[in-house]
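Let us walk through this structure together, one region after another. Keep the 3D view open and turn to each residue as it comes up.

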Amino acid sequence: MPICDLCHHHCHLEEGATGFCRVRTVRDGRNLCGNYGFVTSLALDPVEKKPLARFHPGSTILSFGSYGCNLRCPFCQNFSISQHGREDFRPVLVTPEQLAAKAVELKRFGNIGLAFTYNEPLLSWEFIRDTGRLIHEEGLYNAVVTNGNFDTRVARALAATVDAYNIDLKGFTAEYYRKLGGDLDMVRDFIREACRTAHVELTTLVVPGENDTDEEMDALAAWVASLSPDIPLHVSRFFPRWNMVDRDETPAWKVHHLAGVARKHLRYVYTGNC
């Protein structure tokens with residue numbers, strides 16, 4: 001039985017079955033993305049909303065989303081697409097050519113390219129590769145907003161395609177990542193590899209009682225600084241969502257305080273949702 005090795009779940013997939021992520025599938029013995037070109041969300045967003053603070057600030061970027069995710073964060077704000085599979089949506093398909101043409105059409109509104117976002121886009125890295133090539137041919141940029149919970153070969157496969165990443169660094173303990181269905185070591189390796197070829201910014205959502213100590217933020221920021229003190233970090237405020245409504249939103253003072261802790265190591269620290 002084929003094993004999908006894109007992430008640490010290593011799903012055993014029978015012919016026609018989908019993995020934990022609800023996206024990767026096996027057809028004729030080949031590991032394929034089952035949501036190639038399947039669109040659930042399309043919007044022209046400020047680039048700062050990704051968030052990317054130091055990648056062409058003041059511009060807009062066409063943002064594309066599909067469905068599926070390989071994590072199970074209980075606070076996911078996009079759970080209506082990330083935590084569902086193809087059977088939950090009316091099929092809407094776009095080709096790489098159509099999407100690239102739309103990005104070009106929106107240049108008059110300040111569009112700089114295409115962002116793959118909203119769900120977990122790296123599950124369909126082949127679509128990013130194929131569409132991203134066309135985006136580059138038009139002189140535009142590709143950005144990916146991801147949880148980074150993938151084998152480094154995915155980052156290497158997209159090295160010539162992705163110009164900017166925002167990667168969620170959800171915390172800095174293996175235990176917390178296990179709660180979310182992820183693997184901290186895999187995410188750290190992916191961040192390290194992505195920094196070799198692309199502009200990288202990181203986001204940490206501060207969740208009360210989970211990852212909100214000074215000690216954890218200090219360790220996280222120190223590790224990021226070991227890669228480069230110039231990597232921007234977005235420290236973001238939690239609000240109750242989906243399956244995590246058992247606690248209040250993170251106090252704004254806590255977000256600002258932890259951003260101050262991170263600034264001991266990093267030059268560019270931003271606060272979000274405050």
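Asn 35 is buried, because its relative accessible area is 1%, which is under the 20% that marks a buried residue. Keep in mind as you look that this is a predicted model. Asn 35 sits in the loop between S2 and S3. For a sense of scale, pick out Tyr 270 as well: 235 residues separate it from Asn 35 along the chain, and the C-alpha atoms of the two are 33 Å apart.

Now turn to Arg 24, which belongs to strand S1, residues 24–27. Is Arg 24 buried or exposed? Its relative accessible area is 3%, so Arg 24 is buried. What does its side chain reach? One partner is the backbone oxygen of Leu 123, at 2.7 Å. Another is the side chain of Asn 31, with which the side chain of Arg 24 makes a polar contact at 3.1 Å.

Arg 24 and Leu 123 also appear together in the lining of the largest cavity. That cavity holds about 80 Å³ of space. Its lining also includes Cys 4, Cys 7, Cys 11 and Cys 21, along with His 9 and His 10. Sorted by class, the residues around the largest cavity are 7 nonpolar, 4 polar and 1 charged.

How many cavities of 30 Å³ or more are there? The count comes to 2. The second largest cavity has a volume of about 50 Å³, and its lining includes Phe 64, Phe 116, Pro 121, Phe 127 and Ile 128. Strand S4 and helix H3 (125–137) each give at least two residues to this lining. By class, the second largest cavity is lined by 5 nonpolar and 5 polar residues, with no charged ones.

Phe 64, Phe 116 and Phe 127 lead us on to the aromatic rings, since together with Tyr 36 they form one aromatic cluster. Across the whole structure, a search finds 12 aromatic pairs. One of these pairs is Phe 38 with Phe 89: the ring centres are 6.3 Å apart and the planes stand at 70 degrees, so the pair is edge-to-face. This pair links distant parts of the chain, 51 residues apart, with Phe 38 in the loop between strand S2 (30–33) and strand S3 (41–46) and Phe 89 in the loop between helix H1 (79–82) and helix H2 (96–105). Phe 38 has a relative accessibility of 0% and therefore counts as buried.

Phe 89 has another ring partner, Tyr 67, and here the arrangement is stacked, with 6.0 Å from centre to centre and 25 degrees between the planes. This pair also links distant parts of the chain: Tyr 67 lies in the loop between strand S4 (60–65) and H1, 22 residues from Phe 89. Tyr 67 and Phe 89 are both buried.

Some rings have an arginine over the face instead. Arg 72 lies over the face of Phe 20, at 3.8 Å from the ring centre, and Phe 20 is one of the residues lining the largest cavity. Arg 54 lies over the face of Tyr 268, at 3.7 Å from the ring centre.

Next, follow the backbone through the loop between S3 and S4, where Pro 51 is found. The peptide bond leading from Lys 50 to Pro 51 is cis, with omega near -10 degrees. His 56 is in the loop between S3 and S4 too, and although it is not a glycine, it has a positive phi of about 50 degrees. His 56 is partly exposed, because its relative accessible area is 33%. A positive phi, near 75 degrees, also turns up at Tyr 118, again a residue other than glycine. Tyr 118 lies in the loop between strand S5 (111–116) and H3.

Lys 50 brings us to the last stop, the largest pocket. Which residues lie nearest its centre? They are Lys 50, Gln 77, Asn 78, Asp 168 and Thr 203, out of 36 residues that line the pocket. The volume of the largest pocket is about 1000 Å³. Several strands each supply at least two residues of its lining: S6 (141–146), S7 (164–168), S8 (199–206), S9 (233–237) and S10 (269–272). By class, this lining has 13 nonpolar, 16 polar and 7 charged residues.

Conventions. Residues numbered from 1 in each chain as written. Heavy atoms only, no water. Helix = DSSP H or I, 4+ residues; strand = E, 2+ residues; numbered from the N terminus. Buried < 20%, exposed > 50% of the residue type's maximum accessible area, 1.4 Å probe, protein only. Polar contact = N/O pair within 3.5 Å; in protein donor to acceptor, adjacent residues only side chain to side chain. 1 Å grid on protein atoms, 1.4 Å probe; cavity = no way out; pocket = protein on both sides within 12 Å on 5 of 7 lines; lining within 4 Å. Points joined across faces, edges and corners; volume = space filled by probe spheres on them. Nonpolar A, V, L, I, M, F, W, Y, C, P; charged D, E, K, R; others polar. Phe/Tyr/Trp six-rings, centres within 6.5 Å; stacked < 30°, edge-to-face > 60°. Lys NZ or Arg CZ within 6 Å of the ring centre and 35° of its normal.
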